[in-house]
Amino acid sequence: MDSPRSFLFVLGSSRTGGNTETLARAAAEHLEPEAAQQWLRLSELGLPPFRDRRHLGDGKTPFAEGPEKTLQDATLAATDIVIASPLYWYSVSGSVKNYLDYWSGWLRVPGLDFKARMCGRRLWGVTVQGDEEPDVSAPLAGTLRLSAEYLRMEWKGVLLGYGSRPGQVLRDEAALAAAKTFLDPARDTPGIRY
């Protein structure tokens with residue numbers, strides 16, 4: 001899984017070029033050159049709302065098509081998944097929640113073996129919040145951490161920045177310094193991991 005690494009950056013903001021995306025891109029600048037990077041902006045994919053089929057018919061999820069297949073293929077191709085979600089009402093954005101809901105459907109696709117295939121991959125989070133109290137983002141971190149644990153992924157924590165208006169995260173020197181080593185699986189950066 002480690003050589004070379006393949007990153008999927010899932011952008012969960014409703015706007016482009018926001019603080020969270022800026023911080024995620026700052027972290028990605030420090031990846032090893034051979035690491036593949038794929039960036040998917042959920043707002044541009046046209047992914048429909050997840051439909052829970054557990055209690056319909058045989059409970060199986062049909063094979064993915066269209067935007068869902070794009071996202072599913074990218075998820076399964078990555079060794080490392082980085083969820084870049086602004087803090088919306090103390091948790092992940094609606095588009096990220098929809099993406100994670102699709103994970104529950106993919107568990108029921110015949111022959112996909114989603115849970116077994118996700119085991120051992122790494123999950124990272126990146127968020128920027130306006131409130132300077134770090135505990136405000138704990139629900140977002142908890143959502144991602146528990147999702148990783150359920151699939152037996154390696155949880156790597158959240159890179160946390162501060163800013164409200166576009167570009168303000170660039171004034172957060174601590175977050176930008178932490179971004180330099182955040183995506184190194186061998187390092188722990190104090191103060192940003194949950």
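Here are three short exercises on the side-chain packing of this predicted model.

**Exercise 1. Find which residues have the most contacts inside the largest nonpolar core, and which element gives the largest share.**

Solution. Start with the core itself: it has 34 residues, and those with the most contacts inside it are Ile81, Tyr99, Trp103, Trp106 and Leu123. Next, look at the elements that give two or more residues to this core; among them are strand S1 (6–11), strand S3 (80–84) and helix H4 (94–106). H4 provides the largest share, six residues. Finally, zoom in on Ile81: leaving aside neighbours within four places in sequence, its contacts include Leu8, Val10, Tyr99, Trp103 and Leu123.

**Exercise 2. Decide whether Val126 is buried or exposed, and say where Leu23 lies relative to it.**

Solution. Begin with the location: Val126 belongs to strand S4 (residues 122–129). Its relative accessibility is 2%, so Val126 counts as buried, the cut-off being under 20%. Now compare sequence and space: Leu23 is 103 residues away from Val126 in sequence, yet their C-alpha atoms are 7.3 Å apart. The two are also in contact, and Val126 touches Phe182 as well.

**Exercise 3. Classify the ring pairs Phe7–Phe9 and Trp89–Tyr90.**

Solution. A pair of aromatic rings is described by the distance of the centres and the angle of the planes. For Phe7 and Phe9, the values are 5.8 Å centre to centre and 20° between the planes, a stacked pair. For Trp89 and Tyr90, the centres are 6.2 Å apart and the planes at 70°, so this pair is edge-to-face. As a last step, check the surroundings: Phe7 and Phe9 are both buried, whereas Trp89, at 78% relative accessibility, counts as exposed and Tyr90, at 45%, as partly exposed.

Notes
Residues are numbered from 1 along each chain as its sequence is written. This is a predicted model: local features need pLDDT of at least 70, side-chain atom pairs count only at pLDDT 80 or more; totals for chains, interfaces and linings use all residues. Side-chain values use heavy atoms; hydrogens and water are left out. A nonpolar core is a set of buried Ala, Val, Leu, Ile, Met, Phe, Trp, Tyr and Cys residues joined through side-chain atoms within 4.5 Å. Buried means under 20% relative accessible area, exposed over 50%, partly exposed in between (1.4 Å probe, protein chains only). Helices (H or I, at least four residues) and strands (E, at least two) are DSSP runs, numbered from the N terminus. Contact means heavy atoms within 4.5 Å. Rings of Phe, Tyr and Trp (its six-membered ring) pair if their centres lie within 6.5 Å; planes under 30 degrees apart count as stacked, over 60 as edge-to-face and the rest as tilted.
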